[in-house]
Protein chains: 2
Amino acid sequence: MPQPMTPVPDDDADRAALDDLIALLAKLPGLGPRSARRAVLHLVKKRGQLLLPLAAAMTRVGDTVRECLNCGNIATGDICAICADDRRANGEICVVEDVADLWAMERSRQFKGRYHVLGGTLSALDAIGPETLRIPRLLDRITGEGVSEVILALGATIDGQTTAHYIADQLTGVTVTSLAQGVPVGGELDYLDEGTITAALRARRAL
Amino acid sequence: MPQPMTPVPDDDADRAALDDLIALLAKLPGLGPRSARRAVLHLVKKRGQLLLPLAAAMTRVGDTVRECLNCGNIATGDICAICADDRRANGEICVVEDVADLWAMERSRQFKGRYHVLGGTLSALDAIGPETLRIPRLLDRITGEGVSEVILALGATIDGQTTAHYIADQLTGVTVTSLAQGVPVGGELDYLDEGTITAALRARRAL
């Protein structure tokens, strides 16, 4: 018997507000029904400091944030800040699965070009094809923005690599590269899987 | 060097809305900066199904939910549904630390009386004294509501038990009981700590 979300079964209709909030919060990645309940109690306790500001921040994000029409990044206008920045038109486009990956790339402060956010990876099982993934738009950008190199920064998973190979096959007239695989900085060999060690060994460099 | 919450450092001021939301969500129990970022990306993707309903549900809870003046439970009026329900005036008050504990008690559907939510446990370190914990209000209720039994359902922690003993010392003219300690239902001896086994052995019963 699944545990009901509603903690007090015979309560009155006023409880609906709390139950709605618990049910919605439980849908966030990283939260389940139990932690959503805890979070709601915390929110109610910190009504002024947390609950009301959070409601306002969500409304504001809902009102202002959308997808960049060019690259799929998060934007507050039609075009995101990176696509709007001419200094980033250096002929390089970095293809990532998700906005979280774009943010991870940006944190390294190494890449000075623009991005293209696929919004996932090709998956026959989940019926995710090239159109869903903004791949046609990527092909348009290659010519439209005078791109010379496409860097595929996709996950080292089966779906990620399938997608990378599919994209590489579609691209002509540009250099296509992908992120190097190897030992992560700070990584201890003991904790690495065989696949990573194999890749790092194959790509070994002279010191 | 702590990793900045802002994933894109050189972005424009429009990013503030997203960053505010990430910072606020990261304050929820069970979420940190990393999972808050993931949650915000998820929210932006599911703007219509999740972000806007969540903002509305939070606003609604913020507008309607407060603390019961009598027992400290969550309420939508001055008095919570349990305190307002005459059928629950059976002379028993169950003292709990927190509303989450009240909900846990209610899920068992065994207790038919009313509650008193302390809002924490006594703690010299955190300067939490009897007034902070609504203990004076509990004493008032004993006479005011004709209480015959106070059931202390506090955590089996040092602070919980200190608080239970403090309350028991204050109460005169009523039966004071506390939840039994022992092997949890479904619990395997192998995984229990010595304290629980000791308590269960001391409180053993004839079959």
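User: Is the crossing of α3(A) and α3(B) left-handed or right-handed?

Analyst: Keep in mind that this is a predicted model. The two helices each span residues 47–64, one in chain A and one in chain B, and their axes come within 9 Å. As for the hand of the crossing where α3(A) passes α3(B), it's left-handed.

User: How are α3(A) and α3(B) oriented: roughly parallel or roughly antiparallel?

Analyst: Their axes cross at roughly 150°. Angles over 145 degrees count as roughly antiparallel, so α3(A) is, relative to α3(B), roughly antiparallel.

User: How many nonpolar residues does the contact of α3(A) with α3(B) have?

Analyst: On the chain A side the contact includes A:L51, A:L54, A:A55 and A:M58, and on the chain B side B:L51, B:L54, B:A55 and B:M58 are among the residues taking part. Sorted by class, there are three charged residues, four polar ones, and a nonpolar count of 12.

User: Which term describes α1(B) relative to α2(B), given axes that cross at roughly 130°?

Analyst: Helix α1 of chain B covers residues 16–25 and helix α2 of chain B covers 33–45, with axes that come within 8 Å. An angle of roughly 130° is neither over 145 nor in the 65 to 115 range. So the term for α1(B) against α2(B) is oblique.

User: Which charged residue sits in the contact of α1(B) with α2(B)?

Analyst: From α1(B) come B:L18, B:L21, B:I22 and B:L25, meeting a set in α2(B) that includes B:V40, B:L43 and B:R37. The class tally is 10 nonpolar, no polar and one charged. Arg counts as charged, so the one you're after is B:R37.

User: Which chain A residues does B:L43 contact?

Analyst: B:L43 is one of the residues with the most contacts inside the largest nonpolar core, which has 82 residues. Leaving aside neighbours within four places in sequence, its chain B partners include B:L21, B:L25 and B:L54. Over in chain A, B:L43 is in contact with A:L28 and A:M58.

User: Is B:I151 buried or exposed?

Analyst: B:I151 lies in strand β5 of chain B, residues 149–152. Beyond four places in sequence, it touches B:I93, B:V95, B:F111 and B:L179, among others. Its relative accessible area is 14%, and the cut-off for burial is under 20%, so B:I151 is buried.

User: What is the relative accessibility of B:P136?

Analyst: B:P136 is found in helix α6 of chain B, residues 135–144. Not counting neighbours within four places in sequence, it is in contact with B:P130 and B:E131. B:P136 counts as partly exposed, because its relative accessibility is 36%.

Conventions: Residues numbered from 1 in each chain as written. Chains lettered and ligands numbered in written order. Predicted model: local features only at pLDDT ≥ 70, side-chain atom pairs only at ≥ 80, totals over all residues. Heavy atoms only, no water. Axes fitted to C-alpha atoms, helices over the stretch in contact; angles between N-to-C directions. Helix = DSSP H or I, 4+ residues; strand = E, 2+ residues; numbered from the N terminus. Parallel < 35°, antiparallel > 145°, perpendicular 65-115°, else oblique. Contact = heavy atoms within 4.5 Å. Core = buried A, V, L, I, M, F, W, Y, C linked by side-chain atoms within 4.5 Å. Buried < 20%, exposed > 50% of the residue type's maximum accessible area, 1.4 Å probe, protein only. Left-handed = near helix turned anticlockwise from the far one by under 90°.
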